[in-house]
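Subject: Structure for you to look at

Hello,

I am passing on a structure for you to open and look through. My notes on it follow below.

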Amino acid sequence: MHIIDRRLNPGGKNFANRQRFLRRAKAAVRQAVRESSEQRGIKELDQGGEISIPRDSIREPRFGRASSGGQRQAVLPGNKKFVPGDTLPKDGGGGGGSGSEGSPDGGGQDAFSFVLSQEEYLDLFFEDLELPNMAKRALAVADSVSLQRAGYSVSGSPANLAVARTMRNSLSRRLALRRPKAEEVERLKQEIEALEAEEDEPALDQAKAALAALLTRTRRIPYVDPMDLRFRRFEAVPKPVSQAVMFCLMDTSASMTEHMKDLAKRFFALLYLFLKRRYQHVEVVFIRHTHLAEEVDEDTFFHARETGGTVVSSALEAMHRIAAERYRLEDWNIYGAQASDGDNAPSDAEQTLSLLRGAVLPLCQYFAYLEVGRDEESTIGFMPHSTELWRTYEKAGAGGERFAMCKVGKRTDIYPVFRKLFERRTEGAAAP
Amino acid sequence: MTAARAGTPLFTGKDWDFDLIRRLHDAIAEVARDELGLDTYPNQIEVITAEQMLDAYSSVGMPLLYKHWSFGKHFAQHENVYRQGARALAYEIVINSNPCISYIMEENSATMQALVIAHAAFGHNHFFKNNYLFRQWTDADGILQYLDFAKRYIAECEERYGQEKVEQLLDSAHALMSHGVHRYPRKRKPDLLSEDKRERERRIHQEQVYNDLWRTLPGKPSAGRGRLDESRRRALLELPQENILYFLEKTAPNLAPWQREILRIVRMVAQYFYPQGQTKVINEGCATFCHYKLMSRLHEKGLIDDGSFLEFLTSHTNVVFQPEFDDPRFSGINPYALGFAMMQDIERICTEPTEEDAEWFPEIAGSQDPYGALRHVWANYRDESFVAQYLSPHLMRRWRMFLLADEGEDADELRVQAIHDERGYRNLRRSLARQYDVSHLDPDIQVVDVDLAGDRRLLLQHRMLDGALLDEGGAKDVLQHLADLWGYDVCLQEHDDLMDGTAREHVVRPRVPAGLPA
């Protein structure tokens, strides 16, 4: 009898099968993930969780008898009052009259539920989406390089001395040139001492000459020669900037309802999650504006209410200022997202446009404008009028691939709109 | 062992260690061998975690198996059920191999480990080694090595031909798995060990004899093209053939050698599990009866203390619980309960027979050798014959069995045809046995004809039983897979012997028509 402890065997043996399963059910799982995201709060948007997919998509068909029709018999336990010849109604009747097989998966439900990990969830959630202009334009900036090991060199600073490699060279050189070993010298010295004691002159002279020859040779062939030296070589590799900052701009004037703010918040949350998956480090700057713009923390951003007019250029100005102060263009990928109901002071249009074109867009990898509408306003179909800001931005949008704008009215539209904004571009458009 | 005989419990509390497992095994082995006369393969007990248990679950209880999405699906399903706490994991999984591998979970208490060892490492093990179906159909010595070969081979194919192609093929093969077994014994003993070698030899042979010149030889002028007569043609193709996978492996015109080999692998795995489907009641009954006896004996000998024995009884009662038909928990007859009850009944008949027993079971009633009788049962019966032979009137009365029948579309009501009385016993017993009959469990579908020289349309026939048609959706999908493998049209006729005619016909075309490179 053997007892084997298998507990320490590597786990995740089923990983390959799971991947195959997810690939197989991809369409259904993707659909389920998107549907489930609509019901989730912003906080739990990035967690994994249970999803259900229709069983049809992952059926394993078998030949089996239909569950009804034909003559059927079943022996059942627990007879209480029946005698032969009794009849029961066909529907219900406790256990039915058939030995019907359940669905092959057991359970017999229409939906197949299972748990996705966070990683799997987000992978599907953001599938096919891409951040435009991911890489910084000027990659070879001196500051953002990292050193990478690249073999050995014969020169370098002492700190980079590759000791093992150097000693290896030294050893082979010493062997090849037959440098006398320390023991050999030692032995000869002892011999000389012995000979001195014996006072054997001719032998002593001979030994002394031999020792002198050995010592000369030792001096001539150094233990470590400069030609043995090897240094670890490093190469400077331009480092892709892997941090991003996201500017959230929102109009907080009284015309923005809670519903609109909720839409905006969802959009910002999606963008944040998305950036977080692409960059190691993501910072968020919240700028709210009425006729004045200020930087605030998240809570104030979404919940506080203000009164005042609406001057969009103030927010753009603030963004430009903050970026210049804190986020050096070489080190940061800058993304901008603006949400507004579209109001703007007519006199501000010119200023807004020139700021956007001249100051903000050159900074940004991508700038998205989201116009939030009231719930009842359908985004499709008849558009009453385009708003002030929309008209302004339309001029900016023409031709610029760093800029995109969209309208959204319903909560369920957020995700499609987000997808639309970040859909993977075709090759032609993607090249920066 | 001397200390144990004195009646000190082997353990107290729920903690266990490897030494205890060994002592439990030895103590149980002694009782099993000397008192029950069990004859088992050597045991190999493997301690695993819950995740590993789930893993074993999803690959049909096999320690190693090729990769396929359906196993991932089953894993996800089991995992979800387990996480929700809706169902506990099975305490053990046992593999019909030599040595017999039993998995036990680390979470089990010491009592549960004892129960599991008695149940799996002795009960199931004895059954695997002795039952005629397992001896006839499975090769316990070779299975692990064969699975290893299968896994490697399929991984190689994935590398060589692409994951997608292999997956499609496996999907199709799995769909036909239930109809990929030989149902009648072969002349040869199964020998999975040499399968690997044979596959390699076949390939090497093909490579050696391959010579492109053969292709240029002019064919015989239509001498062989002459139409064979009907019966000769069918005989050459071994028609009718109910092992559809075997037929495809040997005959399908467009399959590459590696595809045939994979069909063969799926077929071998199906064949390996063929006996298990027919021996649920008797196999689980055997294991349950053994663990009950072994644990009781250990308790009587003082090797298990009262607390642990009560813990054992709780799980044992859960296992053999049979809800009545009108209970919301009822979902068919529990094979553990039926098997255990029948075997206890056999023990009663051997030791304390009534007059009725003497009349029904003259050969064993009062023989006073219950274990001998049971060993005979375990060795020589499967579910159907076991119920047909040994379901006693006493047990039918105890379970208050009755037979409910649906007499087809015309009848408006279900009719109680027999109950547990003098007139009903035989009828009940016959019907229950029939529910476990393989020919009743799987629909009878056979390849009946194909004209290889003509349009190559494959003709299958489903011989309907009791007027029940196939489940249409499932059948269509399976036929689609079949047509894809075959490469030409496939037609399935559902034949009703009573009406003497075809009740329904399905025709399916392959998704990739033959002739195009697949």
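A patch of negative charge on the surface of this predicted model brings together A:Glu198, A:Glu199, A:Asp200, A:Glu201 and A:Asp205. To find the patch, start at A:Glu199, in the loop between α5 and α6 (201-220) of chain A. A:Glu199 has a relative accessible area of 63%, so it counts as exposed, the cut-off for that word being over 50%.

A residue in the preceding helix gives a contrast. A:Leu195 belongs to helix α5 of chain A. Its relative accessible area is 12%, so A:Leu195 is buried, since buried means under 20%. How far apart are A:Leu195 and A:Asp205, in sequence and in space? They are separated by 10 residues in sequence, and their C-alpha atoms are 9.5 Å apart.

There is also a positive surface patch, and A:Arg178, A:Arg217, A:Arg219 and A:Arg220 form it. Look at A:Arg178 in particular. Its place is the loop between α4 (163-176) and α5 (182-198) of chain A. With 64% relative accessibility, A:Arg178 is exposed. The backbone of A:Arg178 deserves a second look too: phi is near 50°, a positive value in a residue other than glycine. Most residues other than glycine have a negative phi, and most peptide bonds are trans.

Two further places belong under the backbone heading, and both are in chain B.

- B:Arg456 has a phi near 60°, again positive in a residue other than glycine. B:Arg456 sits in the loop between β6 (444-450) and β7 (458-463) of chain B. Its relative accessible area is 26%, so B:Arg456 is partly exposed.
- B:Asn98 and B:Pro99 are joined by a cis peptide bond, with omega about 0°. B:Pro99 is in the loop between β2 (92-95) and β3 (100-105) of chain B.

Next come the salt bridges. Side chains of opposite charge can pair when their charged atoms come close. How many salt bridges are there over all chains? The count is 40. I have picked out a few for you to find.

One of them pairs B:Asp477 with A:Arg59, at 2.9 Å from N to O. This pair crosses between chains: B:Asp477 is in helix α23 (residues 472-486) of chain B, and A:Arg59 is in the loop between β2 (49-54) and β3 (71-76) of chain A. Are these two residues buried, exposed or partly exposed? B:Asp477 has 26% relative accessibility and counts as partly exposed. A:Arg59, with a relative accessible area of 36%, is partly exposed as well.

Another salt bridge stays within chain B, between the side chains of B:Glu249 and B:Arg267, at 3.0 Å from N to O. The two residues are 18 apart and link distant parts of the chain, with B:Glu249 in helix α12 (residues 244-251) and B:Arg267 in helix α13 (residues 257-278) of chain B. Both B:Glu249 and B:Arg267 are buried.

A further salt bridge joins B:Arg511 and B:Asp484, whose closest N and O atoms are 2.6 Å apart. B:Arg511 lies in the segment after β9 (501-508) of chain B and B:Asp484 lies in helix α23 of chain B, so the pair ties together parts that are 27 residues apart in sequence. The two ends are not equally covered: B:Arg511 is exposed at 55% relative accessibility, whereas B:Asp484 is partly exposed at 26%. Elsewhere, salt bridges with shared partners join A:Arg23, A:Arg24, B:Glu167 and B:Asp171 into one network.

The last point concerns the cysteines. How many disulfides does a search of the whole structure find? It finds zero over all chains. Two cysteines to look at are A:Cys248, which is buried with a relative accessible area of 0%, and B:Cys350, which is buried with a relative accessible area of 0%.

If you want an order for looking, begin with the negative patch that includes A:Glu199, go on to the positive patch that includes A:Arg178, and then turn to the salt bridge between B:Asp477 and A:Arg59.

Regards

How values were computed:
Residues numbered from 1 in each chain as written. Chains lettered and ligands numbered in written order. Predicted model: local features only at pLDDT ≥ 70, side-chain atom pairs only at ≥ 80, totals over all residues. Heavy atoms only, no water. Patch = residues over 30% accessible without salt bridge, like charges linked within 9 Å, V, L, I, M, F, W, Y side chains within 5 Å. Areas by Shrake-Rupley, 256 points an atom, 1.4 Å probe, with all protein chains shown as cover. Salt bridge = Lys/Arg side-chain N within 4 Å of Asp/Glu carboxyl O. Lys, Arg positive; Asp, Glu negative; His and termini not counted. Charge placed at Lys NZ, Arg CZ, Asp CG, Glu CD. Helix = DSSP H or I, 4+ residues; strand = E, 2+ residues; numbered from the N terminus. Buried < 20%, exposed > 50% of the residue type's maximum accessible area, 1.4 Å probe, protein only. Disulfide = S-S within 2.5 Å.
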